[in-house]
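Colleague: I should like to learn how the features of a model such as this one are read, beginning with its charges. Could we take the general idea first in each case, and then the case at hand?

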Amino acid sequence: MTEQEIRKGQDKTLRKLLAAVSGGVGETLGSLVDKPLKIQPGVLDYIEPDDLLLELDGSRVVARGALDKAYAGHFLLVAFTVPDAITLSGMLMMTPDEVIGERRNAPQWQEDDVEVFGEVGNILFSGVDEVLRSKVKGDIGLRLQDHHLITAGQDEQGVLGELPLIRWVGNMTVGDYPSG
C-alpha cells in the first residue's frame, strides 16, 4: 500500500483489516475490563515519526507489537492517551472507579502503571494476533515487544522507529469515561 493509494482512498483492504482489528481490540480489552469498550475508526494516512511527535497534544503510551514469521521485522504500534492507559491498567487491577476517575483527571504515568500496562499490552496483542491470523494471507504472528511513554517532540526509547508510519486515528471509549 502506497501513500498515494491511501490518499486516493484506494485502501479498502487495509481499512477492512483495520476495522476487524479494531473490533477485536474492543472485544478483547472490553472483556478484560468487564466494561463496554468501543473503538470508532477515523483518519488513515502516512506520517513521519518526527511529524507525529510534533503533532501530539499530550503524552501517549505506545504498545509496540512485533510481527513474526512471514512478517518478521515489522511492527504494530497502538498509542493510548495517558488517561485511557490509566483506565485500562486500573480496571485490570480492579481499582475502584472513583480512584480511576481521580487518576484520569490528574494523569500522571506512574511506575505501577508501567508494570500493569505490560499485561494490558499482552492481552491486546493476543486479541489482535487472532484477528490477523484469520484475515492476513501467509504465516503471521504478533506479540508485545515493549511499551513506552512518548510526549510532544520526544520519543526517548525510539518506540516509533525511523520509517514512515501508516497512521489510523480512532476514538476509544471505555465504559462511561470520556473518549480518548
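Modeller: For the charges, Lys and Arg count as positive and Asp and Glu as negative, while His and the chain ends are not counted. Please keep in mind throughout that this is a predicted model.

Colleague: How many positive and negative side chains does the chain have, and how far apart do the centres of the two sets lie?

Modeller: There are 17 positive and 29 negative side chains in the chain. The centres of these two sets lie 10 Å apart.

Colleague: Let us turn to the overall fold. Which elements does the chain contain, and how do they run from the N terminus on?

Modeller: The secondary structure amounts to 6 helices and 5 strands. Their order from the N terminus is α-α-β-α-β-β-α-α-α-β-β.

Colleague: How is the radius of gyration of the chain to be read?

Modeller: One sets it against the value for a compact globule, which for 180 residues would be near 16 Å. The chain has 16 Å, so the value agrees with that of a compact globule. Along the principal axes, the C-alpha atoms fill a box of roughly 45 × 35 × 25 Å.

Colleague: What percentage of the residues is buried, and what supplies the exposed area?

Modeller: A residue counts as buried when its relative accessible area is under 20%. Buried residues make up 42% of the 180 residues in the chain. The area that the chain exposes is about 10200 Å², and carbon and sulfur atoms supply 50% of it.

Colleague: What do the contacts say about sequence separation?

Modeller: Here one considers contacts between residues at least 6 apart in sequence. In this chain, 71% of them join residues at least 24 apart.

Colleague: Which residues of helix α4 are buried?

Modeller: α4, which spans residues 82–92, is mostly covered, with 10 of its 11 residues buried. The buried residues are Val82, Pro83, Asp84, Ala85, Ile86, Thr87, Leu88, Ser89, Gly90 and Met91.

Colleague: Valine 82 lies in this helix. What is it in contact with?

Modeller: Valine 82 has a relative accessible area of 6% and is therefore buried. Leaving aside its neighbours within four places in sequence, valine 82 is in contact with Ser59, Arg60, Val61, Pro107, Trp109 and Leu149. As for a distance along the chain, valine 169 is 87 residues from valine 82, and their C-alpha atoms are separated by 16 Å.

Colleague: Aspartate 84 also appears in that list of buried residues. Which contacts does aspartate 84 make?

Modeller: Aspartate 84 has a relative accessibility of 3%, and it therefore counts as buried. Beyond its neighbours within four places in sequence, aspartate 84 is in contact with Arg104, Met172, Pro178 and Gly180.

Colleague: Where is proline 107, which is in contact with valine 82, to be found?

Modeller: Proline 107 is in the loop between α5 and α6. At 35% relative accessibility, proline 107 counts as partly exposed. Leaving aside neighbours within four places in sequence, proline 107 is in contact with Val82, Pro83 and Ile86. The C-alpha atoms of proline 107 and lysine 135, which are 28 residues apart along the chain, are separated by 36 Å.

Colleague: Why may one say that the buried residues of α5 line one face of the helix?

Modeller: One looks down the helix axis and asks how wide an arc the residues cover. In α5, which spans residues 97–105, the buried residues are Ile100, Gly101 and Arg104. They fall within an arc of 100 degrees seen down the axis of α5, so they line one face of the helix. The face turned away from this buried side carries the exposed residues Glu98 and Glu102. The cover over the buried residues of α5 includes α4.

Colleague: Finally, where do positive phi values occur in residues other than glycine?

Modeller: Two residues may serve as cases. Lysine 69, in strand β2, has a positive phi near 60 degrees. Lysine 69 has a relative accessible area of 45% and is partly exposed. Methionine 94, in the loop between α4 and α5, also has a positive phi near 60 degrees. Methionine 94 is exposed, with a relative accessible area of 73%.

Key. Residues are numbered from 1 along each chain as its sequence is written. This is a predicted model: local features need pLDDT of at least 70, side-chain atom pairs count only at pLDDT 80 or more; totals for chains, interfaces and linings use all residues. Side-chain values use heavy atoms; hydrogens and water are left out. Helices (H or I, at least four residues) and strands (E, at least two) are DSSP runs, numbered from the N terminus. The radius of gyration is taken over C-alpha atoms; the globule rule is 2.2 Å times the number of residues to the power 0.38. Buried means under 20% relative accessible area, exposed over 50%, partly exposed in between (1.4 Å probe, protein chains only). Contact means heavy atoms within 4.5 Å. Accessible areas come from the Shrake-Rupley method with a 1.4 Å probe; for residues, only the protein chains shown count as cover. The place of a charge is taken as NZ of Lys, CZ of Arg, CG of Asp or CD of Glu. The arc is that of the directions from the helix axis to the C-beta atoms.
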